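Welcome! Take a moment to look at the sequence and turn the structure around before reading on. The report below then walks through it one place at a time.

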Amino acid sequence: MAEPEYVAVNRDSWTQANAEYTDRAAHEEWSREGITWGQWHQPESEIGMLPDVAGTEIVELGCGTAYFGAWLKRAGASRVVGVDVTPAQLDTARAMNEEFGLGLEFIEANAEEVPLPDASFDIAFSEYGASIWCDPNRWIPEAARLLRPNGELIFMCNTDLVQVCSPDEEKVAERLVRPLRGMHRLDWTSEGISTEFHIPTADMFGLLRRTGFDVLDYRQLYAREDSADHPYYSYVPVEWARRWPSEEIWRARKT
Ligand SMILES: C[S@@+](CC[C@H](N)C(=O)[O-])C[C@H]1O[C@@H](n2cnc3c(N)ncnc32)[C@H](O)[C@@H]1O
């Protein structure tokens with residue numbers, strides 16, 4: 001199928017992000033000891049949303065500079081394949097992989113249509129990759145295709161609450177600015193042009209069930225008292241996220 005037009009838009013946006021901050025930040029992220037989740041760096045040792053990854057084969061959909069994939073490999077995954085659509089992000093990921101010698105593999109592709117065989121992974125993972133930049137009606141079935149029976153899909157994204165409070169401006173608001181009903185594609189224009197996809201939580205449960213997943217766990221995350229504003233992902237201020245959950249993690253098993 002021809003590449004949807006939003007994929008090129010987001011590639012441009014991430015090429016720019018790479019030049020502005022992700023390339024610079026990659027070394028520190030790859031150097032981090034242990035696994036942390038999301039904007040507020042919540043430790044997996046406290047959150048507990050990952051299965052034991054020792055010996056597993058993992059595909060990361062929208063891997064970016066692949067720091068999360070690096071942490072998963074260090075945690076014992078036998079194979080981590082990062083899929084991303086932005087060459088600049090993959091250049092950074094490859095340079096880090098070379099420097100840290102972790103043996104990740106990378107593929108340049110749209111995560112909605114991955115050139116890898118059916119049933120070839122134990123875990124499909126995304127942290128703010130396909131989980132927000134791809135159409136869930138396309139990437140969730142694609143993740144299911146890539147997973148072996150009993151394989152797990154684990155992903156992090158913003159909550160639907162963030163999105164219904166999101167005007168097309170610099171910061172999330174403290175009021176509802178868009179309907180939740182039918183929410184799906186969000187085209188941003190204020191801070192560069194990009195397209196995200198977010199569906200209501202209940203719709204995500206339905207989509208996962210219809211795609212052949214059992215939801216094993218679902219967690220909403222708040223910022224903690226000791227959390228600080230993120231240096232470059234500043235869209236959700238820490239004060240907002242102390243009062244409302246800004247991030248969520250899904251864990252589902254392919255039946
Ligand atoms: C926030 S970064 C992911 C960060 C990642 N968790 C890491 O460990 O570095 C989002 C990534 O999604 C990628 N992306 C956006 N649209 C995509 C698509 N259709 N297919 C694959 N990757 C995509 C972008 O190129 C970008 O590198």
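Let us begin with a helix. Pro136, Arg138, Trp139, Ile140, Glu142, Ala143, Ala144 and Leu146 are the buried residues of helix H6. That makes H6, which runs over residues 136–146, a mostly covered helix, with eight of its 11 residues buried. At its N-terminal end, H6 is capped by Asp135, with a side-chain oxygen 2.9 Å from the backbone nitrogen of Asn137. Please keep in mind that everything described here belongs to a predicted model.

## Around the ligand

Next comes the ligand. It is surrounded by 22 residues, and the closest of them are Asp84, Thr86, Asn110, Ala111 and Glu127. What is the make-up of the shell around the ligand, in nonpolar, polar and charged residues? The shell divides into 12 nonpolar, seven polar and three charged residues.

Some side chains come up to the ligand with polar atoms. The table lists three residues, each with the distance from a polar side-chain atom to a nitrogen atom of the ligand.

| Residue | Distance to a ligand nitrogen atom |
|---|---|
| Glu60 | 3.4 Å |
| Asn110 | 2.9 Å |
| Glu127 | 2.7 Å |

How much of the ligand's accessible area does the protein cover? On its own the ligand has 610 Å² of accessible area, and the protein covers 98% of it.

## Thr36 and His41

Now move to strand S1, made of residues 36–37, where you will find Thr36. Is Thr36 buried or exposed? With a relative accessible area of 11%, Thr36 falls below the 20% limit and is therefore buried. Setting aside residues up to four places away in sequence, Thr36 touches His41, Gln42, Pro43, Glu44, Phe68 and Trp71. With one of these, His41, the contact is also polar: the two side chains meet at 3.5 Å.

His41 deserves a look of its own. His41 sits in the loop between S1 and strand S2 (42–43). Although His41 is not a glycine, it has a positive phi of about 50°. His41 counts as partly exposed because its relative accessibility is 26%.

Another residue with a positive phi is Asn150, at about 70°, and Asn150 is not a glycine either. Asn150 belongs to strand S7, which spans residues 147–158. Its relative accessible area of 55% is over the 50% limit, so Asn150 is exposed.

## The cysteines

How many disulfides does the structure hold? There are zero. Why is Cys134 not bonded to Cys63? The closest cysteine sulfur to that of Cys134 is the one in Cys63, but at 12 Å it is too far away for a bond, because a disulfide needs the two sulfur atoms within 2.5 Å. Cys134 has a relative accessibility of 7% and so counts as buried.

Cys165 is likewise in no disulfide, with the nearest cysteine sulfur, in Cys157, 15 Å away. A relative accessible area of 5% means that Cys165 is buried.

## Two more loop residues

Our tour ends with two residues in loops. His198 is placed in the loop between strand S9 (194–197) and helix H8 (201–210). At 5% relative accessibility, well-covered would be one way to put it; in the terms used here, His198 counts as buried. Its side chain makes a polar contact with the side chain of Glu196, at 2.7 Å. Apart from neighbours within four places in sequence, His198 is in contact with Ile132, Asn158, Gln163, Met183, His184 and Leu186.

Tyr233 lies in the loop between strand S10 (213–221) and helix H9 (238–243). Tyr233 is partly exposed, because its relative accessible area is 31%. Which residues does Tyr233 touch, beyond those up to four places away in sequence? They are Trp14, Tyr21, Thr22 and Gln39. Gln39 is a nice example of how a chain can bring distant parts of its sequence together: Tyr233 and Gln39 are 194 residues apart in sequence, yet their C-alpha atoms are 7.1 Å apart in space.

Methods: Residues numbered from 1 in each chain as written. Predicted model: local features only at pLDDT ≥ 70, side-chain atom pairs only at ≥ 80, totals over all residues. Heavy atoms only, no water. Buried < 20%, exposed > 50% of the residue type's maximum accessible area, 1.4 Å probe, protein only. Helix = DSSP H or I, 4+ residues; strand = E, 2+ residues; numbered from the N terminus. Polar contact = N/O pair within 3.5 Å; in protein donor to acceptor, adjacent residues only side chain to side chain. Near = heavy atom within 4 Å. Areas by Shrake-Rupley, 256 points an atom, 1.4 Å probe, with all protein chains shown as cover. Nonpolar A, V, L, I, M, F, W, Y, C, P; charged D, E, K, R; others polar. Contact = heavy atoms within 4.5 Å.
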